[in-house]
Amino acid sequence: MIPRSQYLDKLKLFKGKQLIKVVTGVRRCGKSTLFALFQDYLLKTGITKSQIQSFNFEDIFNTELQNYKKLHQYILDHAVPNQKNYIFLDEIQNVPEFQKAVDSLYIRDNFDMYITGSNAHLLSGELATLLSGRYVEIQMLPLSFAEYLSAHPNPTNLSQLYMSYVQKGAFPYTLQMPTEEAVNFYLKGILDSIIIKDVVARHKIANTDELYRIIKFLFDNIGSLVSMKKISDTMTFAGYKISNKTVEKYVMALVESFVLYPVSRYDIKGKQYLQTGEKYYVVDVGLRQSLLNNKGKDTGHILENIVYLELLRRGYRVFIGKAGTQEIDFVALNEQGTAYYQVSQSVLAEETLKRELEPLQKIKDHYPKYLLTMDYLPATDFDGIKQINVLDWLTQNKNQVIN
């Protein structure tokens, strides 16, 4: 198993704290494995097996416990008295009214609660109200490029592994697939599972053909400004008359399922968030490749997508920057401040370099500014704008890899 240190360290940090640990993320991104890794850690620190209760609610053997009252009683009956009990509830959204059982266990001093879910709806509505201030969310993504490299001992070609990462994607189990055909089959299965379980069933969507066409449109237009009207117009032109409201329902369902991530615009000069115009990025570019089957195309937007997800992993809130009439790919905000990123496949052509630098040069504050490209050049600084090879940026301390 790949050690998901970024997430495992957070679980260790909050271990024993009077907080419900909620791990959210798209299906098959590694949440169950994370729980297994953390349980191994607990056992090594002296916690006994009898103090750990773990349930996966996609396992048919746990069907009877998909009643919150029965689940609650079962956990109480099997708890070790006068000791801390560690309770792991995986894919808890499959248990109706689960929040009542979780809250009841939470208020007891001898329970340390850990839950996962594959839908953002998990932390909305009644649960958010009931558990307000009493949980911490750990948002999980598929493998980063650095994690992907860790599964390849002594890699010798970083660029080749990046192409594999793009084509096969970052879902951990793809690393065990013997062929590209097997990977595609597995990825299509993940997408179908998400659509059926987290979108169609939850939102009672009847027309799955319309839904898949919208998914294809958004996957094909990652990194481009889109609106509900544009999607509706495109569908109508293709012979599928659909209202803006229905499009919005479908898109929000995909966002809730962590398939798509919307990115709003931010006016850098006015320091305000803009209400119009959004871009969407996909949770995994391999998922996109398997659906669209457009190998070798749109490499710039794919790279942009990968950088966006990495910024999320590093704890940033990410926006599209608007600087007058020009655009900055990403404005990344956290407690320490702001950073600006332009992403380009290559800036070896002089006119491309000028186009990418110009929006950054117009920003007059002193926050860090970066130009990330696939070009292998000596470290370059354009009046404070640092040009960095994007693979070096993605891997950080793995720069010893030969390119």
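Me: What makes helix α8 and helix α9 oblique to each other?
Reply: Start with the angle in this predicted model. The axis of α8 (residues 180-203) crosses that of α9 at roughly 120°, and the two axes come within 12 Å. Roughly perpendicular would need 65 to 115 degrees, and roughly antiparallel would need over 145. The angle of roughly 120° falls in neither range, and α8 and α9 are therefore oblique.

Me: Which residues of α8 and α9 meet, and what is the hand of the crossing?
Reply: On the α8 side they are Leu191, Asp192, Ile195, Val199 and Val200, while α9 brings Thr208, Leu211, Tyr212 and Ile215. The crossing is right-handed.

Me: Why does α9 count as roughly perpendicular to α11?
Reply: The axes of α9 (residues 208-220) and α11 (residues 244-256) cross at roughly 70° and come within 10 Å. The range for roughly perpendicular is 65 to 115 degrees, so α9 and α11 fit that label. Here α9 passes α11 in a right-handed crossing. Glu210, Leu211, Ile214, Ile215 and Leu218 of α9 make the contact with Val247, Tyr250, Val251 and Leu254 of α11.

Me: How do you know which rings count as a pair, and how many pairs are there?
Reply: Two ring centres must lie within 6.5 Å. With that rule the count is 18 aromatic pairs.

Me: What makes the pair of Phe35 and Phe88 edge-to-face?
Reply: The ring centres of Phe35 and Phe88 are 5.0 Å apart, with 70° between the planes. Planes over 60 degrees apart count as edge-to-face, so this pair earns the name. The pair also links distant parts of the chain. Phe35 belongs to helix α2 (residues 31-44) and Phe88 to strand β3 (residues 85-90), 53 residues apart.

Me: Are Phe35 and Phe88 buried or exposed, and how do you know?
Reply: Buried means under 20% relative accessible area. Phe35 has 2%, so Phe35 is buried. Phe88 has 0%, so Phe88 is buried as well.

Me: Why is the pair of Phe145 and Tyr162 called edge-to-face?
Reply: The planes stand at 85°, with the centres 6.0 Å apart, so the pair is edge-to-face. This pair too links distant parts of the chain: Phe145 is in helix α6 (residues 145-150) and Tyr162 in helix α7 (residues 158-168), 17 residues apart. Phe145 has a relative accessibility of 1% and counts as buried. Tyr162, at 4%, counts as buried too.

Me: Which residues do ring pairs link into a cluster?
Reply: The cluster holds Phe35, Phe38, Tyr41, Phe88 and Tyr114. Tyr114 has another partner to look for: Lys21 lies over the face of its ring, 4.8 Å from the centre.

Me: Where does the charged end of Arg314 sit?
Reply: The charged end of Arg314 is over the ring of Trp393, 4.1 Å from the ring centre.

Me: Why does Glu97 count as partly exposed?
Reply: Partly exposed covers values between 20% and 50%. Glu97 has 38%, so Glu97 gets that label. You will find Glu97 in the loop between β3 and α4 (98-106). Glu97 has a positive phi of about 60°, although it is not a glycine.

Me: What makes Asp383 exposed?
Reply: The cut-off for exposed is over 50%. Asp383 reaches 79%, so Asp383 is exposed. Asp383 lies in the loop between β12 (380-382) and β13 (385-389), and its phi is near 50°, a positive value in a residue other than glycine.

Me: How do you know that Phe57 is buried?
Reply: The relative accessible area of Phe57 is 2%, and the limit for buried is under 20%, so Phe57 is buried. Phe57 is in the loop between β2 (52-56) and α3 (68-77). Leaving aside neighbours within four places in sequence, its contacts include Asn62, Leu65, Leu71, Leu89 and Val95. The C-alpha atoms of Phe57 and Leu89 are separated by 7.5 Å, and the two residues are 32 residues apart along the chain.

Me: Which residues does Ser224 touch beyond four places away in sequence?
Reply: Ser224 touches Glu278, Lys279, Tyr280 and His301. Ser224 is found in the loop between α9 and α10 (228-237).

Methods
Residues numbered from 1 in each chain as written. Predicted model: local features only at pLDDT ≥ 70, side-chain atom pairs only at ≥ 80, totals over all residues. Heavy atoms only, no water. Phe/Tyr/Trp six-rings, centres within 6.5 Å; stacked < 30°, edge-to-face > 60°. Helix = DSSP H or I, 4+ residues; strand = E, 2+ residues; numbered from the N terminus. Buried < 20%, exposed > 50% of the residue type's maximum accessible area, 1.4 Å probe, protein only. Lys NZ or Arg CZ within 6 Å of the ring centre and 35° of its normal. Axes fitted to C-alpha atoms, helices over the stretch in contact; angles between N-to-C directions. Parallel < 35°, antiparallel > 145°, perpendicular 65-115°, else oblique. Left-handed = near helix turned anticlockwise from the far one by under 90°. Contact = heavy atoms within 4.5 Å.
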